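The following exercises are to be worked through with the sequence and the structure side by side. Try each task before reading its solution.

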Amino acid sequence: MKSTDKPRTYRVKSFGCQMNVYDGERMGELLEAKGIAPAREDEDADLVVLNTCHIREKATEKVYSDVGRIEKAGRLAGKTPMIAVAGCVAQAEGEEIMKRAPGVGMVVGPQAYHRLGDMVDRAALGERSTDTDMPENAKFAELPSRGTRSPTAFLTVQEGCDKFCTYCVVPYTRGAEISRPFTELVDEAKRLVDQGAREITLLGQNVNAWSGEDAIGHAQGLDGLIRAIAKLPSLERIRYTTSHPNDFTDGLVRCHGEEEKLMPFLHLPVQSGSDRVLKAMNRSHTAESYLHLLDRVRAARPDIALSGDFIVGFPGETDADFEETLKLVDTVGYAQAFSFKYSPRPGTPAAAMDSQIPREVMDERLQRLQAALNRDQLAFNEASIGRACDVLVERKGKLSGQWLGKSPWLQSVHFTAEAAIGDMVRVELVEAGANSLGARASEPVSAQSTSSR
Ligand code: 5AD
Ligand code: SF4
């Protein structure tokens, strides 16, 4: 096929955060509503959407090399696939991508992808187009209704960020904080549950900044939204990510203690344990206020598993600052965490700061931090041995009869028993590694009524 034929098959390749995964799924649904089917293999796709991430490392260069790779695979297969660049690199680079990559037919930002279908039609007429508009909330109303094929589903409730941490591109690529309306979200959650979702993860760059009005006009925060969605009878589990310490309300703390369907897991990025660095990052919390918040959440839900994000080597970070981070890690005892080397993002204040940290220093600090985090993750998993819990089965394991799923504390658990995807199986955790746990099944506590999944 030529790049200007109407595509029959597509592939969306999503990189980066869970919000990109959600956007990728919705782009897929939109293309399927236009009669374009998912391709079985990468090489079979007539249309490839690169749903990019701009948060760290050489994001832009990666897009150009990915485009080159797709073009080359197309040549070998005797075709010229249509290529769309979506996501945060599309937003940040816009027309520049069109100039540098003649093989790209569409550049579409994260707030404009509801118009991807029209862009594909125009591309089929040989017209290249860029759309990086940021109309508030417009895309959700125009997307086809949700589908899910999995017992776990994502639901984007909030987008964008007003925090302007000095290292971060998100406020520029995703725009200002917006909350999707309450009733629209409860409806979307209901549709997901009707189609078989038993766990919903509410997503937002600053998910706990979500606010809205319920059906009778009462102001609600994220806790109110969680409580409303928890009323859906067949929904068993609710999670949310990612939160900012400053938007954590007392209501949300209470919700962790009171709402059974809200899982005992909290991802709350801290970035650094040094108040000096936190100030330079414009985080507007201190190490102490963060720890105090965790104490309150733990008081409400003593078994809560904690997770965080860390950046090492922020400009000006001294050995003493880094030691403060290690101290905070020791104090918290994270169940899991993400840690990154600082990466200067074009256009952000930190990229222009003096005293950028040499790569070797960052490497060494990251190694030490990750050793501490891995140690704590293993300790958390080992401390779970002997616990009884439910596991929501997500997929088959490698061994015959083996199933994989998640514990309430977001640990990966494997076990061998009669089960099916979507079952909630009662298990006892019997062995622990750093990244997963082995379990012994008791009995399926609430098997799905349909046996086809
Ligand atoms: N360099 C390194 N890590 C970053 N993050 C965000 N921006 C940068 C950057 N410029 C990390 C933060 C954030 C996570 C999603 O990515 O830890 O919480
Ligand atoms: Fe980026 Fe900070 Fe906003 Fe998180 S809170 S998205 S790190 S600016």
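Domain bounds, as used here, come from an automatic or database domain assignment. The model itself is predicted.

**Exercise 1.** Determine how the protein is divided into domains, and state how far apart the C-alpha centres of domain 1 and domain 4 lie.

*Solution.* Begin with the bounds: domain 1 covers 9-135 and domain 2 covers 145-263, while domain 3 spans 297-383 and domain 4 spans 388-444. Then take the C-alpha centres of domain 1 and domain 4, which are separated by 36 Å.

**Exercise 2.** Describe how helix H13 packs with helix H14, and classify the residues of their contact.

*Solution.* First locate the two elements, H13 at residues 319-332 and H14 at residues 359-383, whose axes are 10 Å apart and make an angle of about 10°. Because angles under 35 degrees count as roughly parallel, H13 is roughly parallel to H14. Next list the contact: Asp 319, Phe 322, Glu 323, Thr 325, Leu 326, Val 329 and Asp 330 of H13 meet Arg 365, Arg 368, Leu 369, Ala 372, Leu 373, Arg 375 and Asp 376 of H14. Sorted by type, the residues of this contact comprise six nonpolar, one polar and seven charged.

**Exercise 3.** Identify residues around ligand 1, and find which atoms of Arg 56, Tyr 167 and Gln 271 approach the ligand.

*Solution.* Start from the surroundings of ligand 1, which include Ile 55, Asp 309, Phe 340, Lys 341 and Arg 345. Turning to individual atoms, Arg 56 places a polar side-chain atom 2.6 Å from an oxygen atom of the ligand, and Gln 271 has a polar side-chain atom 2.7 Å from an oxygen atom of ligand 1. For Tyr 167, a polar backbone atom lies 3.0 Å from a nitrogen atom of ligand 1.

How values were computed. Residues numbered from 1 in each chain as written. Chains lettered and ligands numbered in written order. Predicted model: local features only at pLDDT ≥ 70, side-chain atom pairs only at ≥ 80, totals over all residues. Heavy atoms only, no water. Axes fitted to C-alpha atoms, helices over the stretch in contact; angles between N-to-C directions. Helix = DSSP H or I, 4+ residues; strand = E, 2+ residues; numbered from the N terminus. Parallel < 35°, antiparallel > 145°, perpendicular 65-115°, else oblique. Contact = heavy atoms within 4.5 Å. Nonpolar A, V, L, I, M, F, W, Y, C, P; charged D, E, K, R; others polar. Near = heavy atom within 4 Å. Polar contact = N/O pair within 3.5 Å; in protein donor to acceptor, adjacent residues only side chain to side chain.
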